[in-house]
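Grab a pencil and open the viewer. Below are some short exercises, each with a solution worked out step by step.

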Amino acid sequence: KHMEKEKEPIAPRVWIYARHPGSYTATKSQAEFLALRAKLSGAMVVGVSMDARRGWRRPGYRNLIRQMQKSDFDCIYITQMATLGHSERQLLRFFSLAMKRHIKVRAVETSLPYQANTCRLGRKLERRATKRGWELPWA
């Protein structure tokens, strides 16, 4: 009698985004820390983007957005929401893309839903998710 081999659970595919303005060394160690956290949770790191600069003209951030549009990973690891930026409009655009592509976002140092709900961003994302039938991006 042929026994079916149990399928191995598929490890979540994770993209790391690290940013520590003004210090490449701190940014690199943040990326290593995030990768370790992802691996410890059973995920497979498929890519890393890093920026050591302020503002929105960040090559690592632009690379992350391009990779999100391809949708070949399940989750993005960051330290906290400020890693992505401070502009509510830009954050709304970022999290909307994540929801559209079914990508979760995990901040290892803080609670993203809590951070989003301390400003209007949380309510705006909830309305957008409900309207479009998307899941919220919190991992």
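**Exercise 1. A residue in H3**

Leaving aside its neighbours within four places in sequence, which residues is Glu88 in contact with? Say also where Glu88 sits and whether it is buried, partly exposed or exposed.

*Solution.* Keep in mind that you're looking at a predicted model.
- Step 1: find the element. Glu88 belongs to helix H3.
- Step 2: list the contacts. With neighbours within four places in sequence set aside, Glu88 is in contact with Arg120, Leu121 and Lys124.
- Step 3: check the accessibility. Glu88 has a relative accessibility of 22%, so it counts as partly exposed; the cut-off for buried is under 20%.
- Step 4: try a residue elsewhere in the chain. Pro9 is 79 residues from Glu88 in sequence, and their C-alpha atoms are 37 Å apart.

**Exercise 2. The helix as a whole**

Work out what span the 13 residues of H3 should have, and test it against the model. Then find which residues of H3 are buried and what they pack against.

*Solution.*
- Step 1: the expected span is 1.5 Å times one less than the number of residues. For the 13 residues of H3 that comes to 18 Å, and the end C-alpha atoms are 18 Å apart, so the two agree.
- Step 2: go along the helix for buried positions. They are Gln90, Leu91, Leu92, Phe94, Phe95, Ser96, Leu97, Ala98 and Met99.
- Step 3: recall the helix geometry. An α-helix has 3.6 residues a turn, so residues three or four places apart point the same way.
- Step 4: look at the partners. The buried residues of H3 pack against H2, strand E3 (75-78), strand E4 (104-107), helix H4 (112-117) and helix H5 (121-132).

**Exercise 3. Two positive phi values**

Where do Ser71 and His102 lie, and is each one buried, partly exposed or exposed?

*Solution.*
- Step 1: start with Ser71. Its place is in the loop between H2 and E3, and its phi is near 55 degrees, a positive value in a residue other than glycine.
- Step 2: with 30% relative accessibility, Ser71 counts as partly exposed.
- Step 3: move on to His102, in the loop between H3 and E4. Phi of His102 is also positive, near 60 degrees.
- Step 4: His102 counts as exposed because its relative accessibility is 65%; the cut-off for exposed is over 50%.

**Exercise 4. Strand E3 and its partners**

Which way do the residues of E3 point, and in what sense does E3 pair with E1 and E4?

*Solution.*
- Step 1: recall the general pattern. In a regular strand the side chains alternate between the two faces of the sheet.
- Step 2: apply it. Cys75 and Tyr77 point one way from E3, Ile76 and Ile78 point the other way, and all are buried.
- Step 3: take the E1 side. Strand E1 (residues 13-19) pairs with E3 in the parallel sense over three bridges, and Trp15 has Ile76 as its bridge partner in E3.
- Step 4: take the E4 side. The pairing of E3 and E4 is parallel too, over four bridges, with Lys104 in E4 as the bridge partner of Cys75.

**Exercise 5. Two pockets**

What are the volumes of the largest and second largest pockets, and what lines them?

*Solution.*
- Step 1: the largest pocket has a volume of about 190 Å³. Of its 15 lining residues, Arg19, Pro21, Ala82, Thr83 and His86 are the closest to its centre.
- Step 2: sort that lining by class. You get three nonpolar, nine polar and three charged residues.
- Step 3: the second largest pocket holds about 160 Å³. Its lining is Trp56, Tyr61, Arg62, Ile65, Gln69, Gln90, Arg93, Phe94 and Leu97.
- Step 4: assign elements. Helix H2 (59-70) and helix H3 (88-100) are the ones that give two or more residues to this second lining.
- Step 5: sort the second lining by class. It divides into five nonpolar, two polar and two charged residues.

**Exercise 6. The whole chain**

How many helices and strands does the chain have, and in what order do they run?

*Solution.*
- Step 1: count. There are five helices and four strands.
- Step 2: read from the N terminus. The order is β-α-β-α-β-α-β-α-α.
- Step 3: add the burial figure. Of the 139 residues in the chain, 39% are buried.

How values were computed: Residues are numbered from 1 along each chain as its sequence is written. This is a predicted model: local features need pLDDT of at least 70, side-chain atom pairs count only at pLDDT 80 or more; totals for chains, interfaces and linings use all residues. Side-chain values use heavy atoms; hydrogens and water are left out. On a 1 Å grid over the protein atoms alone, a cavity is a set of points where a 1.4 Å probe fits but cannot get out, and a pocket is an open set with protein on both sides within 12 Å along at least five of seven lines; lining residues have an atom within 4 Å of a point. Grid points are joined across faces, edges and corners, and a volume is the space filled by probe spheres set on the points. Ala, Val, Leu, Ile, Met, Phe, Trp, Tyr, Cys and Pro count as nonpolar, Asp, Glu, Lys and Arg as charged, and the others, Gly among them, as polar. Buried means under 20% relative accessible area, exposed over 50%, partly exposed in between (1.4 Å probe, protein chains only). Contact means heavy atoms within 4.5 Å. Two strands pair if DSSP finds at least two bridges between them.
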